[in-house]
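User: Hey, can you walk me through this model? I'd like to start with a turn and work outwards.
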Amino acid sequence: MSVYESLLELIGDRERVSVNETVLEHHSKGIAYHAPHAPDVVVFPKTAEEVSWVMAFANEHRIPVTPFGAGTSLEGHVIPVAGGISLDLTLMNNIIDIRPDDFLAIVEPGVTRLQLNEALKRYGLFFPVDPGADATIGGMAATNASGTNCVKYGVMRDQVLGLEVVLADGSVIQTGSLAVKSSAGYDLTGLFVGSEGTLGVFTRLIVRLHGIPEATNAIKACFPSLEAAAQAAFAVLKAGVGPGKIELVDEATIAAVNAYKKTDYPVKPTLFIELSGSPSSVEDGTKLVNELCEAEGAVSFVVETDSLARAKLWEARHHAAFAIQAAYPGKAMLSTDVCVPLSELPGAIADTRRLVDEQNMTAAIFGHVGDGNYHTVLAFDPNDADEMARIERVHAHIVRYALSRGGTCTGEHGIGIGKRAFLREEKGDAVLWMKRLKQLFDPNGILNPGKIF
């Protein structure tokens with residue numbers, strides 16, 4: 001039998017085993033610039049047992065398998081570069097259990113972050129990791145996603161207490177537990193989180209939850225220079241205010257957002273800060289943040305407490321990438337991220353802005369100033385060889401600048417396809433041990449081949 005026929009026999013449902021051209025095309029790419037490659041067949045499992053059947057079959061016949069969630073990854077993780085099976089986990093979208101007194105939920109990998117947070121509202125809880133897109137929990141764990149909330153709540157690896165994982169040969173293991181900590185053996189949960197689908201397929205996740213703060217406000221402070229904005233951010237962090245979010249956006253990006261959203265935000269380096277907690281702590285924190293920003297020469301300081309007004313205030317940050325896309329319709333998008341020590345962030349952003357200006361490129365540059373992670377979004381024509389070469393040079397410069405300052409080639413997007421060339425530069429011989437781990441868990445190399453290494 002063909003692979004399609006064999007999988008159809010395993011799953012027993014023609015609606016969930018597809019070779020339809022539109023379905024194959026949808027599973028051939030992510031949302032960034034990487035060249036698409038279609039799988040041979042797409043399978044939509046509904047249970048861990050079905051995932052196990054598919055993996056055992058694929059392992060026996062040496063067929064590549066690429067896990068697929070919402071398809072919102074930025075480094076080509078979901079592209080089946082070797083063809084084979086695209087394993088779409090979006091039908092495994094059940095919230096199995098919410099345990100409010102234990103501050104945890106048990107979910108299937110296809111549950112999205114917005115779906116989970118909607119279900120959590122009645123308990124006064126929320127799941128904090130927000131990478132921007134409505135990504136699946138499984139995909140977020142696979143890439144160790146983070147986003148704007150990580151300065152207060154941590155990254156995805158901090159939120160995953162345990163996993164059910166189907167390995168390459170179809171066997172199923174459990175890692176972690178319902179307890180918030182453990183000293184029992186190796187931390188396999190931490191190993192699988194961030195492994196980008198190369199070591200196993202998640203079929204169940206135990207995730208940590210947090211209480212919805214009683215009061216929240218949003219602050220937008222503008223500064224005469226990037227350095228002044230950064231110094232204000234560091235002062236806020238040192239003062240122990242404990243911001244929920246603290247983001248730095250440069251003036252060129254604000255200008256692009258104004259053109260896109262028809263807003264009139266001051267075209268200045270801008271800090272976006274969110275404070276949350278009790279009403280009194282938020283009020284006191286806001287006064288202190290105001291004083292610290294004024295000390296660094298802030299030219300404006302806007303505070304919003306209404307939820308709709310807060311959402312509008314954050315648009316300039318969240319829509320930065322869309323602003324660049326809108327300015328260049330039909331072009332591809334490179335969205336890269338690096339992470340540097342906090343003290344190096346202003347210099348890194350300034351260096352990137354200088355570089356893209358020299359290259360006459362329009363770029364959105366914005367940073368999670370609370371953890372030194374910043375993003376550069378560039379639009380370009382992938383069919384223009386000269387432009388592609390310039391993009392690659394700019395990308396390499398941004399990454400190598402971060403590495404030269406003791407940073408990392410990716411803070412939250414992952415390696416995927418786009419950062420493979422830089423992993424060895426950053427990790428050296430440690431990459432050999434990563435490859436040995438890959439060989440141990442996946443000796444036939446069928447799980448998401450072509451990624452990370």
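Analyst: Sure. β17 and β18 form a hairpin with four residues between them, and Gly-372 in the turn has a positive phi of about 80°. Strands here are DSSP runs of E, at least two residues, and helices are runs of H or I, at least four residues, numbered from the N terminus. This is a predicted model: local features need pLDDT of at least 70, side-chain atom pairs count only at pLDDT 80 or more, and totals for chains, interfaces and linings use all residues. Residues are numbered from 1 along each chain as its sequence is written, and side-chain values use heavy atoms, with hydrogens and water left out.

User: OK, how many bridges between β17 and β18?
Analyst: Six, and the two strands pair in the antiparallel sense. Strands count as paired if DSSP finds at least two bridges between them. Ile-365, for instance, has Thr-376 in β18 as its bridge partner.

User: Is β17 buried or exposed?
Analyst: Six of the six residues of β17 are buried, so the strand is largely enclosed by the rest of the structure. Buried means under 20% relative accessible area, exposed over 50%, and partly exposed in between, using a 1.4 Å probe and protein chains only.

User: Which way do the β17 side chains point?
Analyst: Ala-363, Ile-365 and Gly-367 point one way, and Ala-364, Phe-366 and His-368 the other way. In a regular strand the side chains alternate between the two faces of the sheet.

User: And what pairs with β17 besides β18?
Analyst: β13 does: three bridges join β13 to β17, and they run antiparallel. Glu-247 stands opposite His-368 there.

User: What's the strand order of the whole sheet?
Analyst: The open sheet has seven strands in the order β15-β12-β14-β13-β17-β18-β16, with antiparallel pairing. β15 (300-304) and β16 (332-339) stand at the edges with a single partner strand each, so one side of each is left without a neighbour in the sheet. From one strand to the next, the twist averages 15°.

User: Tell me about the β16 edge.
Analyst: β16 pairs with β18 (residues 373-380) in the antiparallel sense over eight bridges, and Asp-337 stands opposite His-375 in β18.

User: Which helices pack on that sheet?
Analyst: Helix α9 (residues 226-238) touches β13 (245-249) and β14 (270-277), and its direction makes about 170° with that of β13. Helix α14 (residues 320-327) touches β16, β17 (363-368) and β18, at about 175° to the direction of β17. Those angles run from 0 to 180 degrees between N-to-C directions, with axes as lines fitted to C-alpha atoms, for helices over the stretch in contact. Contact, or touching, means heavy atoms within 4.5 Å.

User: Switching to the core. Which residues touch the most other members?
Analyst: In the largest nonpolar core, which has 51 residues, those are Phe-223, Leu-271, Val-369 and Tyr-374. Another core, of 29 residues, lies apart from it and has Ala-105, Val-165, Val-193 and Leu-199 among its members. A nonpolar core is a set of buried Ala, Val, Leu, Ile, Met, Phe, Trp, Tyr and Cys residues joined through side-chain atoms within 4.5 Å.

User: What does Tyr-374 touch?
Analyst: Leaving out residues up to four places away in sequence, the contacts of Tyr-374 include Asp-337, Leu-345, Ile-365, Phe-366 and Ile-398.

User: What about the other sheet?
Analyst: That one is an open sheet of five strands in the order β5-β6-β10-β8-β9, with antiparallel pairing. Its edge strands are β5 (95-99) and β9 (172-176), each pairing on one side only. The twist averages 10° from one strand to the next.

User: Anything on β8?
Analyst: Six bridges join β8 (residues 160-166) to β10 (residues 201-208), running antiparallel, with Val-160 partnered by Val-207. β8 also forms a hairpin with β9, with five residues between them, and Gly-170 in the turn has a positive phi of about 95°. Helix α3 (residues 48-61) lies across β8, β9 and β10, at about 50° to β8.

User: Last one: how is the chain divided?
Analyst: Into domain 1 (93-209) and domain 2 (213-403), with bounds from an automatic or database domain assignment. Their C-alpha centres lie 27 Å apart, and nine residues of domain 1 are in contact with 14 residues of domain 2.
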